Amino acid sequence: MIGTMALAVTACGKKERPKADLAASQVTTIGVNSYLWRATLDALSFMPLLQTDSNGGVIVTDWYANPKNPGERVKVTVSIVDQDLRADALRVAASRQVSQNGQWVDAPVQAATVQKLEDIILTKARDLRRAAIAG
């Protein structure tokens with residue numbers, strides 16, 4: 001009986017679970033990279049959210065008008081298309097409208113605006129990963 005218990009205890013010791021690397025570039029407890037997901041939610045936190053799908057990696061905001069410029073509003077869609085923390089795993093699209101004679105009219109969005117938002121999200125995601133490594 002003591003031999004059986006010793007064998008059972010020894011067998012339990014051999015089945016150590018590998019420790020998860022929380023700072024890995026591929027963190028997928030949701031359907032997409034969690035650093036990109038959290039960074040996107042943080043970057044868009046000032047805008048009202050219309051739709052979020054963590055499995056599909058899509059975040060859609062509702063129209064947002066800056067109080068300093070109420071005659072203009074912006075809507076953003078972010079797609080996270082990969083489980084890795086990479087620049088090409090992020091797609092940002094923006095729509096802009098301006099008020100003309102009481103009606104909202106579509107207006108072009110400067111490419112630099114979309115690029116700036118992508119850079120903000122990627123920087124936040126990298127910062128989250130660095131914090132996970134340090135912590």
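The paragraphs below lead through this predicted model, from its overall build to selected residues.

The protein has three helices and five strands, and from the N terminus on these elements follow one another in the order α-α-β-β-β-β-β-α. Of its 135 residues, 26% count as buried, while the accessible surface comes to about 9100 Å², with 54% of that area belonging to carbon and sulfur atoms. Contacts across the sequence can be described in a similar way: among those between residues at least 6 apart in sequence, 45% join residues at least 24 apart.

A useful place to begin is helix H2, which is mostly covered, seven of its 10 residues being buried. The buried residues of H2 are Ser34, Tyr35, Leu36, Trp37, Ala39, Thr40 and Ala43, and they pack against strand S1 (49–53), strand S2 (58–61), strand S3 (72–80), S4 and H3. At the start of H2, a side-chain oxygen of asparagine 33 reaches to within 3.0 Å of the backbone nitrogen of tyrosine 35, and tyrosine 35 is itself one of the buried residues of the helix.

Threonine 40 shows the packing of this helix at the level of a single residue. Threonine 40 lies in helix H2 and has a relative accessibility of 0%, so it counts as buried. Leaving aside residues up to four places away in sequence, threonine 40 touches Ile59, Val78, Ile80, Leu90 and Ile121.

Valine 92, placed in strand S4, offers a second view of the interior. With a relative accessibility of 12%, valine 92 falls under the 20% limit and therefore counts as buried. When residues up to four places away in sequence are not counted, its contacts are Val76, Thr77, Val78, Val114, Leu117, Glu118 and Ile121. Valine 92 and isoleucine 121 stand 29 residues apart along the chain, and their C-alpha atoms are separated by 9.8 Å. Isoleucine 121 is thus a contact of valine 92, and isoleucine 121 also appears among the residues that threonine 40 touches; Val78, too, is found in the contacts of valine 92 and in those of threonine 40.

The strands bring in the turns and loops. S1 and S2 pair in the antiparallel sense over four bridges, with leucine 49 standing opposite threonine 61 in S2. These two strands form a hairpin with four residues between them, and in the turn glycine 57 has a positive phi of about 75 degrees. Further along the chain, asparagine 101 lies in the loop between strand S4 (90–100) and strand S5 (103–107). The phi of asparagine 101 is near 55 degrees, a positive value in a residue other than glycine, and its relative accessible area of 83% is over the 50% limit, so asparagine 101 counts as exposed.

The charged side chains complete the picture, for the structure holds six salt bridges. In one of them aspartate 42 pairs with lysine 124, the closest N and O atoms being 3.0 Å apart. This pair links distant parts of the chain, since aspartate 42 belongs to helix H2 (residues 34–43) and lysine 124 to helix H3 (residues 111–134), with 82 residues separating the two. Aspartate 42 is partly exposed, with a relative accessible area of 43%, and lysine 124, at 28% relative accessibility, likewise counts as partly exposed.

A salt bridge within a helix joins the side chains of arginine 130 and aspartate 127, at 2.8 Å from N to O. Both residues lie in helix H3, where they are three residues apart, about one turn of the helix. At 38% relative accessibility, aspartate 127 counts as partly exposed. Elsewhere, salt bridges that share partners join Asp82, Asp84, Arg86 and Asp88 into one network. Within this group, the side chains of arginine 86 and aspartate 82 meet in a salt bridge of 2.8 Å, N to O, and arginine 86 has a relative accessibility of 35%, which means that it counts as partly exposed.

Definitions and conventions: Residues numbered from 1 in each chain as written. Predicted model: local features only at pLDDT ≥ 70, side-chain atom pairs only at ≥ 80, totals over all residues. Heavy atoms only, no water. Salt bridge = Lys/Arg side-chain N within 4 Å of Asp/Glu carboxyl O. Buried < 20%, exposed > 50% of the residue type's maximum accessible area, 1.4 Å probe, protein only. Contact = heavy atoms within 4.5 Å. Areas by Shrake-Rupley, 256 points an atom, 1.4 Å probe, with all protein chains shown as cover. Polar contact = N/O pair within 3.5 Å; in protein donor to acceptor, adjacent residues only side chain to side chain. Pairing = 2+ DSSP bridges.
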